[in-house]
Amino acid sequence: MELPIETRKSSKIGLFFIAATGGIATAISVVCFPFLSPAFRKICLPYVPATRQQIKNVIRALNGRSGSLIDLGSGDGRIVLAAAKRGFKAHGIELNTWLVWYSRLQALINGLSSETAFLKQDLWKHHLGNYDNVVIFGVDQMMGDIEKKFNTELRRDSLVIACRFPLPNTRPVVTIGHGVDTVWVYKIPQR
């Protein structure tokens, strides 16, 4: 028995909408996965953009410094770009692929590609011994472990700038700002 023409047309339209909806859902899942995957790690380091005041406080903490800088969990690259504009050879480490590509694009647009590098990498696996300055926007649960990493990997007189949460066992040389915009500045390792 053959179906009427109207039934065949509505069947094809229905299949089209099912395919389109499935394609859109897949695309949304692919785009959202890098933003949601941190929730499945032991320590969740979410993407929270730095405020203008936080960037100003980090730059103020870097006053009189030079050399290389790395931002651990660099997000959209704001800190790296601000440091590169002030003469630092600045790198960012980030797990979110989309944010790495966005940061690279911003560096290109701002003419800072030769002064910056953005790497998709786990901050725990990246050796820090080549950096003069380190910036970390961490979470409370990770600060003890990252402090141990700093003490074993950083060379003498490296500067660490911790944003949002201080290192638990090291005394800062200066604290800048207040509230969510506070940055703690450390000389590491203190031997």
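Student: What makes strand 4 and strand 5 count as a pair?

Tutor: Let's count bridges. This is a predicted model, and in it five bridges join strand 4 to strand 5, with the two running parallel. A pair needs at least two bridges, so strands 4 and 5 qualify. One spot to look at is Ile 136, which stands opposite Ala 162 in strand 5.

Student: And why is strand 1 called a partner of strand 4?

Tutor: Use the cut-off of at least two bridges again: strand 1 (residues 68–72) has four bridges to strand 4, so they pair too. These strands also run parallel. Here Leu 72 is the residue opposite Ile 136.

Student: What links strand 4 to strand 5 along the chain, and what is the handedness of the unit?

Tutor: Helix 5 (residues 143–153) joins them into a β-α-β unit, and that unit is right-handed. As for the whole chain, the order reads α-α-β-α-β-α-β-β-α-β-β-β, with five helices and seven strands.

Student: How do you know that strand 4 is mostly covered?

Tutor: Count its residues: five of the five in strand 4 (residues 133–137) are buried. Asn 133, Val 135 and Phe 137 point one way, while Val 134 and Ile 136 point the other way. That fits a general pattern: side chains in a regular strand alternate between the two faces of the sheet.

Student: Why is Val 160 called buried?

Tutor: Its relative accessible area is 0%, and buried means under 20%, so Val 160 passes. You'll find Val 160 in strand 5 (residues 158–163). Beyond its neighbours within four places in sequence, Val 160 is in contact with residues including Val 134, Phe 150, Leu 167 and Trp 184.

Student: Which residue 27 places along the chain from Val 160 should I look at, and what separates their C-alpha atoms?

Tutor: Look at Lys 187: its C-alpha atom is 6.4 Å from that of Val 160. For the chain as a whole, take the contacts between residues at least 6 apart in sequence: 63% of them join residues at least 24 apart.

Student: What covers the buried residues of helix 2?

Tutor: The cover includes helix 3, strand 4, strand 5, strand 6 and strand 7. The buried residues in helix 2 (residues 52–61) are Gln 54, Ile 55, Asn 57, Val 58, Ile 59 and Ala 61. Across the chain, buried residues make up 41% of the 191 residues.

Student: Now for something on the outside. Why is Ile 109 called exposed?

Tutor: Exposed means over 50% relative accessibility, and Ile 109 has 58%, so the label fits. Ile 109 belongs to helix 4 (residues 97–109). Together with Leu 105 and Leu 108, Ile 109 forms a nonpolar surface patch with about 320 Å² of accessible area.

Student: What makes Arg 155 and Asp 132 a salt bridge?

Tutor: The closest N and O atoms are 2.6 Å apart, and the limit is within 4 Å, so this counts as a salt bridge. The pair links distant parts of the chain: Arg 155 is in the loop between helix 5 and strand 5, whereas Asp 132 is in the loop between strand 3 and strand 4, 23 residues apart.

Student: Why are Arg 155 and Asp 132 called partly exposed?

Tutor: Partly exposed lies between the 20% and 50% cut-offs. Arg 155 has 36%, so it falls in that range, and Asp 132 with 22% does as well.

Student: How many salt bridges does the structure hold?

Tutor: Three. Another is Arg 78 with Asp 76, at 2.6 Å from N to O. Arg 78 is partly exposed at 35%, but Asp 76 has 8%, which is under 20%, so Asp 76 is buried.

Student: And how do you know that Lys 149 and Glu 153 form a salt bridge?

Tutor: Their closest N and O atoms are 2.8 Å apart, which is within 4 Å, so the pair passes the test. Both residues lie in helix 5, four residues apart, or about one turn of the helix. In general, an α-helix has 3.6 residues a turn, so residues three or four places apart point the same way. Both Lys 149 and Glu 153 are buried.

Terms used:
Residues numbered from 1 in each chain as written. Predicted model: local features only at pLDDT ≥ 70, side-chain atom pairs only at ≥ 80, totals over all residues. Heavy atoms only, no water. Patch = residues over 30% accessible without salt bridge, like charges linked within 9 Å, V, L, I, M, F, W, Y side chains within 5 Å. Areas by Shrake-Rupley, 256 points an atom, 1.4 Å probe, with all protein chains shown as cover. Salt bridge = Lys/Arg side-chain N within 4 Å of Asp/Glu carboxyl O. Buried < 20%, exposed > 50% of the residue type's maximum accessible area, 1.4 Å probe, protein only. Contact = heavy atoms within 4.5 Å. Right-handed = clockwise from strand over helix to strand, strands pointing away.
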